[in-house]
Amino acid sequence: MMKGWMSKFKAIFALIVLALVLSGCGKPFLSALQPKGEGAEMIYDLMILSIVIMLFVFVVVMVIYTIVIIKYRQKKDDPDFIPKQTEGSHALETLWTVIPIILLLILAVPTVQYTFALADTSPEINEEGEEQDSLWINITGAQYWWHFEYDGLEVSTSQELYIPTDRRVYLSMSSQDVIHSFWVPAIDGKMDVNPTGNTNEMTLLAKEEGVYWGKCAELCGPSHSIMDFKVIAVSPGEFEQWVKDMQGVTGEETPESATAQEGQQLFADNCMTCHAVGSSPNKIGPNLTNFGDRLKIAGVVDYNKENLIEWIQTKGKEMKPGNHMQDAPYNLKDEEAEKIAEYLMGLSPSDITPESAEDSVYKDSDLSSLFPEEEAEGEGEQSQDGESEEGSDGEGSSEDGAEDENSDEENNEE
Ligand code: HEC
Ligand SMILES: [Cu+2]
């Protein structure tokens, strides 16, 4: 008796913990449940539709179940009473065959429709019936980073993908090593990238400016879980400006400070076999044309000079286990690494940066809450973050502002 109670209590306790942990999910910049893009909206609609249908079935079954249990339980005054048996009833058999078919049809029609719509990468047609020019971006996945090459524009970058809002961009995608999967939950569904030579295509359409977090969604090696990237959606005008600024970069530009100039030389001597500054085809390592604007180093590490020097000196061994920068043969003194860091952090050819995504759903507090261990606390911390998260749309900014230095950015958000 006692034991039965204990296990029930344990089960309930486990459910409560699970609910608390899961309530930490659903950051606006990384949530399929707060869609900000065309594809994500369609997927969200389908989710809601199937949940509604499931709830309907659940409620009907539970109601009938309850009625039957109460109505047909053994009667005290007539314990041998057997209700009328319905086995083989034509009417009932037909009913419970037809209803599921109808429910499945209600689900299937929009699902098939949306599936085809999402797979459609033909050019957009304007009101006059003319084909619009499509903006194609060639995307290459690699362990553990992403390369982006704007087709026909002579613009390349890595890790952070700039796109205009309210315009469908077309992605042509492949991998240079193993299978990865490109996933920006708030904007669209996933797409695998393959190393075997076949390219996959999809479109992205962001409806709101913002910095959206992307994840590799296919197990690809020891650092798969931190193969993060961003999509930065800016207004069409800002995007045009960004492209112009990026087009001008050759990598030959002389930086202002003497330290950075030395850094540039050291970079050319030690790093250019794998990296590039300026438009270049995909190389072994990320394109660093606008590295000065990055939100994170290598997609996950906090962006500051100390971390950058550490990244260069350790070749990311601990920060991103198994990454291929470890094949680099160079051996630098700390002050040389610092000079290179100075040079790299100055690479900012455009005024269009992540901050330009004005109504940004990105807030630094949100991002750090993804890594609660850095804040030195466990589960309780996580659910707390979930709360401040919800509050931050309206009333939360003073509370958040007290916690981190980035309150400026948060105020922008209104
Ligand atoms: C053997 C090729 C190779 C060499 C040489 C190399 N790197 Fe890398 N580097 C990589 C790869 C691969 C990555 C991507 C790591 C990841 O994210 O998994 C990378 C990532 C980086 C990043 C992060 C980029 C980003 O977009 O966030 C920086 C910064 C960097 N390297 C700096 C340097 C510097 C400075 C040197 C020279 C001192 C150098 N690398 C030499 C291969 C190389
Ligand atoms: Cu991957």
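Axes here are lines fitted to C-alpha atoms, for helices over the stretch in contact, and angles between N-to-C directions run from 0 to 180 degrees. The exercises below concern a predicted model.

**Exercise 1. Helices H5 and H7**

Task: Determine how the axes of H5 and H7 are oriented, and which residues make the contact.

Solution.
Step 1. Helix H5 covers residues 258-270 and helix H7 covers residues 334-345; their axes come within 7 Å and cross at roughly 105 degrees.
Step 2. Angles of 65 to 115 degrees count as roughly perpendicular.
Step 3. H5 is therefore roughly perpendicular to H7.
Step 4. On the H5 side the contact is made by Thr259, Ala260, Glu262, Gly263, Gln264, Leu266 and Phe267, and on the H7 side by Glu336, Lys339, Ile340, Glu342 and Tyr343.
Step 5. Sorted by class, the residues of this contact are five nonpolar, three polar and four charged.

**Exercise 2. Helices H2 and H3**

Task: Classify the packing of H2 against H3 from the angle between them, and give the composition of their contact.

Solution.
Step 1. Helix H2 (residues 38-71) and helix H3 (residues 90-119) have axes 11 Å apart, at an angle of about 170 degrees.
Step 2. An angle over 145 degrees counts as roughly antiparallel.
Step 3. H2 and H3 are therefore roughly antiparallel to each other.
Step 4. From H2, the residues that meet H3 are Gly39, Met42, Leu46, Leu49, Ser50 and Ile53. Their partners in H3 are Leu103, Ile106, Leu107, Pro110, Thr111, Tyr114, Ala117 and Leu118.
Step 5. The contact of H2 with H3 holds 11 nonpolar residues, three polar and no charged.

**Exercise 3. The shell around ligand 1**

Task: Describe the surroundings of ligand 1 by residue, element and class.

Solution.
Step 1. Ligand 1 is surrounded by 30 residues, of which the closest are Cys271, Cys274, Gly285, Met325 and Ala328.
Step 2. Two or more residues of this shell come from each of H5, helix H6 (305-314) and H7.
Step 3. By class, the shell around ligand 1 divides into 17 nonpolar, 10 polar and three charged residues.

**Exercise 4. The chain and its core**

Task: Summarise the chain, then follow one residue of its largest nonpolar core through its contacts.

Solution.
Step 1. The chain contains 11 helices and 12 strands.
Step 2. Of its 414 residues, 33% are buried.
Step 3. Taking contacts between residues at least 6 apart in sequence, 70% join residues at least 24 apart.
Step 4. The largest nonpolar core has 67 residues, and Ile163, Tyr212 and Val231 touch the most other members.
Step 5. Beyond residues up to four places away in sequence, Tyr212 touches Phe29, Lys36, Val184, Ala186, Ile187, Lys230, Val231 and Ala233.

**Exercise 5. Backbone features in loops**

Task: Locate the cis peptide bond at Tyr144 and the positive phi angles at Gln159 and Ala298, and state whether Gln159 and Ala298 are buried or exposed.

Solution.
Step 1. The peptide bond from Gln143 to Tyr144 is cis, its omega being near 0 degrees. Tyr144 sits in the loop between strand E1 (135-142) and strand E2 (145-150).
Step 2. Gln159 is not a glycine, yet its phi is positive, at about 70 degrees. Gln159 belongs to the loop between strand E3 (155-158) and strand E4 (160-164).
Step 3. Ala298, also not a glycine, has a positive phi of about 55 degrees. The loop that holds Ala298 runs between strand E11 (296-297) and strand E12 (301-302).
Step 4. A residue is buried if 20 or more other C-beta atoms lie within 10 Å of its own.
Step 5. Gln159 has 24 such neighbours and so counts as buried. Ala298 has 25 and so counts as buried.

**Exercise 6. Pairs separated along the chain**

Task: Place Asp245, Thr353 and Leu33, and give a C-alpha separation for each.

Solution.
Step 1. Asp245 is in helix H4 (residues 236-247) and, because it has 17 C-beta neighbours inside 10 Å, counts as partly exposed.
Step 2. The C-alpha atoms of Asp245 and Ser348 are 9.4 Å apart, with their positions 103 residues apart along the chain. Setting aside neighbours within four places in sequence, Asp245 contacts Pro349, Ser350 and Ile352.
Step 3. Thr353 is in the loop between H7 and helix H8 (364-369). With 19 other C-beta atoms within 10 Å, Thr353 is partly exposed.
Step 4. Thr353 and Tyr162 are 191 residues apart along the chain, and their C-alpha atoms are separated by 9.0 Å.
Step 5. Leu33 is in the loop between helix H1 (2-22) and H2, and is partly exposed, with 14 other C-beta atoms within 10 Å. Its C-alpha atom is separated by 6.5 Å from that of Tyr44, 11 residues apart along the chain.

Terms used:
Residues are numbered from 1 along each chain as its sequence is written. Chains are lettered from A and ligands numbered from 1 in the order in which they are written. This is a predicted model: local features need pLDDT of at least 70, side-chain atom pairs count only at pLDDT 80 or more; totals for chains, interfaces and linings use all residues. Helices (H or I, at least four residues) and strands (E, at least two) are DSSP runs, numbered from the N terminus. Angles under 35 degrees count as roughly parallel, over 145 as roughly antiparallel, 65 to 115 as roughly perpendicular and the rest as oblique. Two residues are in contact if their C-beta atoms, placed from the backbone, lie within 7 Å. Ala, Val, Leu, Ile, Met, Phe, Trp, Tyr, Cys and Pro count as nonpolar, Asp, Glu, Lys and Arg as charged, and the others, Gly among them, as polar. A residue is near a molecule or strand if its C-beta atom, placed from the backbone, lies within 6 Å of it. A nonpolar core is a set of buried Ala, Val, Leu, Ile, Met, Phe, Trp, Tyr and Cys residues joined through C-beta atoms within 7 Å. A residue is buried if 20 or more other C-beta atoms lie within 10 Å of its own, exposed if 12 or fewer, and partly exposed in between; C-beta atoms are placed from the backbone.
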